[in-house]
Amino acid sequence: MNVLELRNVTKKYGKLAAVDDASLNIEKGKVLSLLGPSGCGKTTTLRIIAGFTSPDNGTVEIAGANVGHLRPYERNVGLLFQDYALFPHMTVAQNVAYGMRYRGTPRWAVPARVAQMLSLVRLTGMGDRYPKQLSGGQQQRVALARALATDPQIVLLDEPLSALDAKLRVELRVELKEILSSVGATTIVVTHDQEEALSLGDEVVVMNGGKIAQRGSPTQIYAEPADKFVAEFIGRSNWFHATGVTQSTGNGTTFATSDSVEIRTKLSSAHNVSVRDLCVRPESIDLIHNMESGAVDEPNYNVLAGTVVDVSLLGADMHVVIELPSKNRLLVVRKNIMSSRAIRPGLPVHARFSASDVLVF
């Protein structure tokens, strides 16, 4: 059963379409990540679902009922804002209980429900504290408990972790996923953070210019991007511009590129296909130095000569930038292991990647 149905929703501000004929649904108990750059329409979509913004066209249904005429507090929706929006003059328990008084919860049932929610977010015993006495992570948990306390039909999270530092954000991301899973909450997470969207969502929707560019599982979105925009926005990419086809069979196609190299791909019969760009993810590339004679040409692989121009050690990962003779630069991401110390600027290397790892657009 779909808890939410958006059908052909459009919202314009003057001539600008913030949301452009977007249709979206989400099944009960699923987490959907709504991802995209600033101005893509994801926050406007969230506000339309919540009732803070009225669409110019289209319908919004929650649990099979049209809610277009309902005000925000009349919709059974839980909200967690980017800044948490906790009431500073209320205790933690009072903040968590706030929404229940407007949703028909009997007064006698409120204390037990508050205790249940605080236990769920691991804040048992902190009900008498005030928001200013809590850390940023604890405030985020209180806001989540308040959003879940009314047993909403759908939970909307607007950049829920963006106000936290990087380390805490990763830790709470895991906790948030566990909490949402444990209560079976139907959830939409709006974020511009790719890792957050891919790790939290059962499905990911990428928006661009008010439209839905692609919807799919995290694996599909990353490994099979629908177009160049999605490929560039999700993860890091190295690009080659194809200038023509040098060979095409049922087993694959080799393209000539503006870098004066040939790139093998698994695309079959490309003579009648308009191909412009080839993409390789940095983690798909192996770096080989001190290559043995005759090992350069490997069937089903691309092996490109270059020179290391920069090496950055980022904890567990090592980022290596190599420059091809054409002056095009490739980013290579490898695990930071002991043997990596031999890789240094000025070192001649070969970048090696499989034809099956080349994305064709």
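Helices are DSSP runs of H or I with at least four residues, strands are runs of E with at least two, and both are numbered from the N terminus. The exercises below concern a predicted model.

**Exercise 1. Describe the protein as a whole: its elements, extent, burial, contacts and exposed surface.**

Solution.
- Step 1: The secondary structure consists of eight helices and 20 strands.
- Step 2: Taken along the principal axes, the box filled by the C-alpha atoms is roughly 80 × 50 × 35 Å.
- Step 3: Of the 361 residues in the protein, 45% are buried.
- Step 4: Among contacts with a separation of 6 or more, 64% involve residues 24 or more positions apart.
- Step 5: The exposed surface of the protein is about 17,800 Å², and 49% of it is supplied by carbon and sulfur atoms.

**Exercise 2. Determine which helix gives the most residues to the lining of the largest cavity, and characterise that lining.**

Solution.
- Step 1: The count of cavities of 30 Å³ or more comes to one, and the largest cavity holds about 40 Å³ of space.
- Step 2: The lining is made up of Q140, R141, L144, L172, E175, L176 and I179.
- Step 3: Both α4 and α5 supply at least two residues of this lining. The largest contribution, four residues, is that of α5.
- Step 4: Sorted by class, the lining contains four nonpolar residues, one polar residue and two charged residues.

**Exercise 3. Is L176 buried or exposed, and which residues does L176 touch?**

Solution.
- Step 1: L176 belongs to helix α5, which covers residues 166–183. L176 is also one of the residues lining the largest cavity.
- Step 2: The relative accessible area of L176 is 2%. The cut-off for a buried residue is under 20%, and therefore L176 counts as buried.
- Step 3: Leaving aside residues up to four places away in sequence, L176 touches Q140, L144, L157, P160 and L200. Q140 and L144 also appear in the lining of the largest cavity.
- Step 4: For L176 and D277, the separation is 101 residues in sequence and 38 Å in space, from C-alpha to C-alpha.

**Exercise 4. Characterise the largest pocket by volume, by the elements that line it and by residue class.**

Solution.
- Step 1: The volume of the largest pocket is about 450 Å³.
- Step 2: The lining of the largest pocket has 18 residues, of which V77, L79, Y98, G99 and R103 are the closest to the centre of the pocket.
- Step 3: Two or more lining residues come from each of β6 (77–80) and α4 (136–149). The largest share is that of β6, with three residues.
- Step 4: By class, the lining of the largest pocket divides into twelve nonpolar, three polar and three charged residues.

**Exercise 5. Explain why helix α1 is largely enclosed by the rest of the structure.**

Solution.
- Step 1: Helix α1 spans residues 42–50, nine residues in total.
- Step 2: The buried residues in α1 are K42, T44, T45, L46, I48, I49 and A50.
- Step 3: Because seven of its nine residues are buried, α1 is largely enclosed by the rest of the structure.
- Step 4: G51, just after α1, adopts a positive phi of about 100°.

**Exercise 6. Trace the strand pairings that involve β4.**

Solution.
- Step 1: β4 (residues 57–62) runs antiparallel to β1 (residues 2–13), and five bridges join these strands. Within this pairing, L6 is bridged to V60 in β4.
- Step 2: β4 also pairs with β5 (residues 65–66), in the antiparallel sense and over two bridges. Here the partner of E61 is N66 in β5.
- Step 3: β4 and β5 form a hairpin with two residues between the strands, where A63 takes a positive phi near 55°.
- Step 4: For reading side-chain directions along such elements, a general point applies: in a regular strand, side chains alternate between the two faces of the sheet.

**Exercise 7. Which strands pair with β11, and over how many bridges?**

Solution.
- Step 1: β11 covers residues 238–249 and pairs with β14 (residues 277–280) in the antiparallel sense over four bridges. In this pairing, F240 has L278 of β14 as its bridge partner.
- Step 2: β11 is also joined to β12 (residues 252–257) by six bridges, and these strands run antiparallel. The bridge partner of G244 in β12 is A256.
- Step 3: The connection from β11 to β12 is a hairpin through two residues.

Conventions
Residues are numbered from 1 along each chain as its sequence is written. This is a predicted model: local features need pLDDT of at least 70, side-chain atom pairs count only at pLDDT 80 or more; totals for chains, interfaces and linings use all residues. Side-chain values use heavy atoms; hydrogens and water are left out. On a 1 Å grid over the protein atoms alone, a cavity is a set of points where a 1.4 Å probe fits but cannot get out, and a pocket is an open set with protein on both sides within 12 Å along at least five of seven lines; lining residues have an atom within 4 Å of a point. Grid points are joined across faces, edges and corners, and a volume is the space filled by probe spheres set on the points. Ala, Val, Leu, Ile, Met, Phe, Trp, Tyr, Cys and Pro count as nonpolar, Asp, Glu, Lys and Arg as charged, and the others, Gly among them, as polar. Buried means under 20% relative accessible area, exposed over 50%, partly exposed in between (1.4 Å probe, protein chains only). Contact means heavy atoms within 4.5 Å. Accessible areas come from the Shrake-Rupley method with a 1.4 Å probe; for residues, only the protein chains shown count as cover. Two strands pair if DSSP finds at least two bridges between them.
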